[in-house]
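Got the structure open in your viewer? Here is a short walk through it, one selection at a time.

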2 protein chains.
Amino acid sequence: MSDPLLVEVARGRAVESAHRGAVAIVDAAGRAVVAIGDIDRRVFPRSAVKSIQQLPLVESGAADRYGFGNAELALACSSHNGEPRHVATARRMLASARRTETDLECGGHPPTDRAAADALVAAGGHWGRIHDNCSGKHAGFICLACGMGVEPRGYVKPEHPVQRAISAALADVTGADLGEPAVDGCSIPAYAIPLRNIAHGFARMVTGEGMSPSRAKAASRIVGAYFAEPFMIAGTGRFDTAILTAFRGRVFIKEGAEGVICAGLPELGLGVAIKCDDGASRAREVVMAAVIEVLLPGESARAALGVYGRPAIFDRNGAKVGELRPVEGLAAALRAS
Amino acid sequence: MSDPLLVEVARGRAVESAHRGAVAIVDAAGRAVVAIGDIDRRVFPRSAVKSIQQLPLVESGAADRYGFGNAELALACSSHNGEPRHVATARRMLASARRTETDLECGGHPPTDRAAADALVAAGGHWGRIHDNCSGKHAGFICLACGMGVEPRGYVKPEHPVQRAISAALADVTGADLGEPAVDGCSIPAYAIPLRNIAHGFARMVTGEGMSPSRAKAASRIVGAYFAEPFMIAGTGRFDTAILTAFRGRVFIKEGAEGVICAGLPELGLGVAIKCDDGASRAREVVMAAVIEVLLPGESARAALGVYGRPAIFDRNGAKVGELRPVEGLAAALRAS
């Protein structure tokens, strides 16, 4: 991995750390309009492609059968904070298929949102699978199994009908040969896909181009759920929720672990996929903010992106002591392509 | 920053992410016996040099005046977890100089140790400055001020007598011109120092070479406190504490923020300084484990370093799905120099 420097971390006047990565911006026909770094290298998109993984939930009719609206569909695509509304929605999704959180196979961790985690502890509660940031996705998978009339148990395994349907959708939308899977943090198969193809998949999700009519309709419904329910995608203080809110209808965005972030820009018909080589979350957001600022210029963009485009680093007394920022020349490189 | 790749993050058979960095191993005379990457670049050592920053506390006589033993001296050099013994020791240090936690100027954050943080919340408590991972260091600074007979207030400012004494010690021990400071996370001055000099400082700390007799004696006492009280340096589940325990008396080690880790190896008379370019904590530990394995080979080293040298990545159901590991050739590069 020898991708170019994209982000620097300044403390005072010095650069303390720096992040490298690759950026692919691709149109719905699969043409790369921006290629920074090696966009043909295979990358695990992780949670960034949850929207694609939930296409079968909608296409199979299961989402309708269980009465899912935008909130449930958004949560099924989320990496949520484990805040009360996230947890309640995941429980409701499971209940609609007469299932419970004991059917979840996603492991578990304390709520990502500190206030939610502390409130749970203060109330004498314990974190479990329902608080896992992937519990909405898993609830969607269980409902897909039930809708397909198959036993949900083992739905995280590559050979389960649920995962077969999901990997078929992922291969179709990204146009990539998926190869053998590794395992994601929530135990489902994780496929490494060239960054170029991931971006292409996002261009397809927001345009419907190159998809069957039923798949394009499902994609449009899922994208609409992101736009209608930004909180359900992530939660309080999170980049995805902030961008979905500030650019409602204009930026379809989702982060993934290990420095991945993807977006679809409906008005331009473009998909964006970013991978920070070192897996840093903090850098992916700075790069995506730079991409949005170049592709969707304007006053509203600048206001919304100020916080994320050059995030301040504070000491623990609240004084600004540094910042993250795109390297000089990144905006020019994004414009030049 | 174009340092070489040092660590890769594997998921299944694929490399998902990777980390670059620099390694300096320097003897007490200042000769670099290993130089990987740019060891002349200035790096903020952050918390790694807390031992050097506490030399004035011992040399001034303040540590004796307030009755500090190994536990207090170790905590003064720590980035602790905020566990009950850490917090109680910081409070005791302050009380010995008739001060309280309201005199701390370090900001604050919830205890780093999740169990300690949850226990605090469950008991209806609130985190404060005393739980800050730097509270022991700040308690030491306040005691230094009191021992010097100066008003502690403002002790985090570069012009305060406490910081003047500390920066003089840092310049002396590292042999570096410190230049203008930035600000650390706990609001004290942060100086960027060439990695080579930081390693040199650690060689001096464990040998006393090139130091005045009183400074060498203070260094020896502080190094001894690390070896006597590994828990006080960090805490439960932490790399520094584990290595100090497993290699008691043989590896004087301390991590710093933004991918820094340093060590002194008394039996070899060497200092080690590592900076991961991207600031990743997870990578610094893999590199340091590789360094220790090469420099201090043997059965006990292998057993202790197994967990840290190639740490497993687990899914949230506890299955191993990947690992961090040194890049092929790192051990050879460390041996070749």
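## First stop: the biggest pocket

The lining of the largest pocket is made up of six nonpolar, ten polar and 13 charged residues. Keep in mind on this tour that you are looking at a predicted model.

To find the spot, select Asn133(A), Gly256(A), Ala257(A), Glu258(A) and Arg284(A), which lie nearest the centre of this largest pocket among its 29 lining residues. Now colour the elements that give two or more residues to the lining: β8 (252-256) and α13 (281-295) of chain A, plus β11 (312-314) of chain B. The volume here is about 650 Å³.

## Next: the second largest pocket

Move over to chain B and select Ser79(B), Thr112(B), Asn133(B), Arg238(B) and Ala257(B). Of the 22 residues that line the second largest pocket, these lie nearest its centre. Which elements give two or more residues to this lining? They are β8 (252-256) and α13 (281-295) of chain B. β8(B) gives the most, with three residues.

The volume of the second largest pocket is about 460 Å³. Sort its lining by class and you get four nonpolar, nine polar and nine charged residues.

## Step back: how the two chains relate

Zoom out and colour by chain. Turn chain B by 180°, with 0.0 Å of shift along the axis, and chain B superposes on chain A with an RMSD of 0.0 Å. The two copies are therefore related as by a two-fold rotation axis. Both copies use the same surface, too: 100% of the contact residues of chain B recur in chain A.

Want a landmark for that axis? Select Ala122(B): of the residues of chain B, this one comes closest to the rotation axis, with its C-alpha at 2.4 Å.

## Inside: the cavities

Time to look for enclosed spaces. Rolling a probe the size of a water molecule over the atoms reveals where empty space remains. How many cavities of 30 Å³ or more does the structure hold? There are four.

For the largest cavity, select Arg20(A), Asp278(A), Ala18(B), Arg20(B) and Asp278(B), the residues nearest its centre out of 14 in the lining. Both chains take part: β2 (14-27) of chain A and β2 (14-27) of chain B each supply at least two lining residues. The volume of this largest cavity is about 110 Å³, and its lining divides into six nonpolar, two polar and six charged residues.

The second largest cavity has a volume of about 60 Å³. To see what surrounds this space, select Phe44(B), Pro45(B), Arg46(B), Val49(B), Gln53(B), Leu170(B), Asp184(B), Pro189(B), Ala190(B) and Tyr191(B). That lining counts seven nonpolar residues, one polar and two charged.

## A look at the cysteines

Select every cysteine and show the sulfurs. How many disulfides are there over all chains? A search of the whole structure turns up zero. Try Cys186(A), which is in no disulfide: the nearest cysteine sulfur belongs to Cys134(A), 4.0 Å away, while a disulfide needs the sulfurs within 2.5 Å. Cys186(A) is buried, at 1% relative accessible area.

Over in chain B, pick Cys146(B). Its closest cysteine sulfur is in Cys143(B), at 6.2 Å, which is too far for a bond. Is Cys146(B) buried or exposed? Cys146(B) counts as buried, with 14% relative accessibility.

## Last stop: two residues of chain A

Select Arg65(A), found in helix α3 (residues 62-65) of chain A. Arg65(A) counts as exposed because its relative accessibility is 58%, and exposed means over 50%. Show what is around: apart from neighbours within four places in sequence, Arg65(A) is in contact with Cys146(A) and Gly147(A). For a sense of distance, add Leu324(A), which is 259 residues from Arg65(A) along the chain; their C-alpha atoms are 46 Å apart.

Finally, go to helix α9 (residues 195-207) of chain A and select Asn197(A). Buried or exposed, which is Asn197(A)? Asn197(A) counts as buried, at 15% relative accessibility, since the limit for buried is under 20%. Leaving out neighbours within four places in sequence, the contacts of Asn197(A) are Thr174(A), Gly175(A) and Ala176(A).

Notes
Residues are numbered from 1 along each chain as its sequence is written. Chains are lettered from A and ligands numbered from 1 in the order in which they are written. This is a predicted model: local features need pLDDT of at least 70, side-chain atom pairs count only at pLDDT 80 or more; totals for chains, interfaces and linings use all residues. Side-chain values use heavy atoms; hydrogens and water are left out. Copies are superposed by least squares on the C-alpha atoms of residues with pLDDT of at least 70 in both. Contact means heavy atoms within 4.5 Å. Buried means under 20% relative accessible area, exposed over 50%, partly exposed in between (1.4 Å probe, protein chains only). On a 1 Å grid over the protein atoms alone, a cavity is a set of points where a 1.4 Å probe fits but cannot get out, and a pocket is an open set with protein on both sides within 12 Å along at least five of seven lines; lining residues have an atom within 4 Å of a point. Grid points are joined across faces, edges and corners, and a volume is the space filled by probe spheres set on the points. Helices (H or I, at least four residues) and strands (E, at least two) are DSSP runs, numbered from the N terminus. Ala, Val, Leu, Ile, Met, Phe, Trp, Tyr, Cys and Pro count as nonpolar, Asp, Glu, Lys and Arg as charged, and the others, Gly among them, as polar.
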